[in-house]
Amino acid sequence: MVVNIKISTGAIILLLLVGLILLNYFVFIPTLEQVIDSRVLVNESVYVKKDVLDALNILYESHDTEWVTCGKGSINNVRKTTMITSLQATKILESTRHSALFNPCPDNTIVWIHNHPSGTCTYSPEDVFVFGTSKQPLMGVMCGKNRLAIYSQKTLRQGGLKVKVVK
Ligand SMILES: [Zn+2]
């Protein structure tokens, strides 16, 4: 009887461990390249769904002028993590290689994302101004294929946030 209990406790622990490893594999393993900004990263994480990154890559590669799009998802204030799960288009009124005039992102979006066709990942003075007037807590700069820098209003001067791609 005693032996039986020991075995089943061991089996349960083993099952839990396997379960945790599987959960970790399917949910949290960052896929592909870790997408980063070239500056110092502050200690806050943004998880971007692979579908979202794929869509941003297509946008990036098909335009040589600036575009803007709005990212939706959820923010976990306790864990200091943000998940970007979908994109919502906003109207671009005018666009050149270095600037874009656009309708603001809807209030329920988390991040406004625009591209830098030049490949620079850092924000411009104009970006800081627009960011200051925007309702979104985050700003994304797409600066190459699989290269997405994300900044937060609170830690803008400290550099980009950690960006990870998830399934
Ligand atoms: Zn910019």
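Q: Two strands pair if DSSP finds at least two bridges between them. With that in mind, which residue stands opposite glycine 144 in strand 8?

A: Arginine 147 of strand 8 stands opposite glycine 144. Strands (E, at least two residues) and helices (H or I, at least four) are DSSP runs numbered from the N terminus. This is a predicted model, in which local features need pLDDT of at least 70 and side-chain atom pairs count only at pLDDT 80 or more, while totals for chains, interfaces and linings use all residues. Residues are numbered from 1 along each chain as its sequence is written.

Q: How many bridges join strand 7 to strand 8?

A: Six bridges join these strands, and they run antiparallel. The two strands form a hairpin with two residues between them, and asparagine 146 there has a positive phi near 60°.

Q: And what does strand 7 (138–144) do on the other side? Does strand 6 pair with it in the parallel or the antiparallel sense?

A: Strand 6 and strand 7 pair in the parallel sense, over five bridges. Histidine 114 has valine 141 in strand 7 as its bridge partner.

Q: Stepping back, what order do the strands take in the sheet?

A: The sheet is open and has seven strands, in the order 8-7-6-2-3-1-9, with mixed pairing.

Q: Which strands stand at the edges?

A: Strand 8 (147–152) and strand 9 (161–166) do; each has a single partner strand, so one side of each lacks a neighbour in the sheet.

Q: What about the middle? In what sense does strand 2 pair with strand 6, and with strand 3?

A: Strand 2 (residues 68–76) pairs with strand 6 (residues 111–115) in the antiparallel sense, over four bridges. Its glycine 71 has valine 111 in strand 6 as bridge partner. Strand 2 and strand 3 (residues 81–89) also pair in the antiparallel sense, over eight bridges, and in strand 3 isoleucine 84 is the bridge partner of glycine 73.

Q: How many residues lie between strand 2 and strand 3 in their hairpin?

A: There are four, and in that turn lysine 80 takes a positive phi of about 55°.

Q: Different topic: how many residues are in the largest nonpolar core?

A: The largest nonpolar core (buried Ala, Val, Leu, Ile, Met, Phe, Trp, Tyr and Cys residues joined through C-beta atoms within 7 Å) has 31 residues. Val48, Val111, Leu148 and Ile150 have the most contacts inside it. Elements supplying at least two residues each include strand 1 (42–49), helix 2 and strand 9.

Q: Which strand gives the most to this core?

A: Strand 7 does, with five residues. Six of its seven residues are buried (20 or more other C-beta atoms, placed from the backbone, within 10 Å of a residue's own), so strand 7 is largely enclosed by the rest of the structure.

Q: Last one: what is the mean pLDDT of the chain, and which elements have the lowest and highest?

A: The chain has a mean pLDDT (the predictor's confidence in each residue, from 0 to 100) of 84, and 75% of its residues reach 70 or more. Among the elements, helix 1 (residues 2–28) has the lowest mean, 56, and helix 2 (residues 50–62) the highest, 97. Where pLDDT is low, the predicted coordinates should not be read in detail.

Methods: Buried ≥ 20, exposed ≤ 12 C-beta atoms within 10 Å, placed from the backbone.
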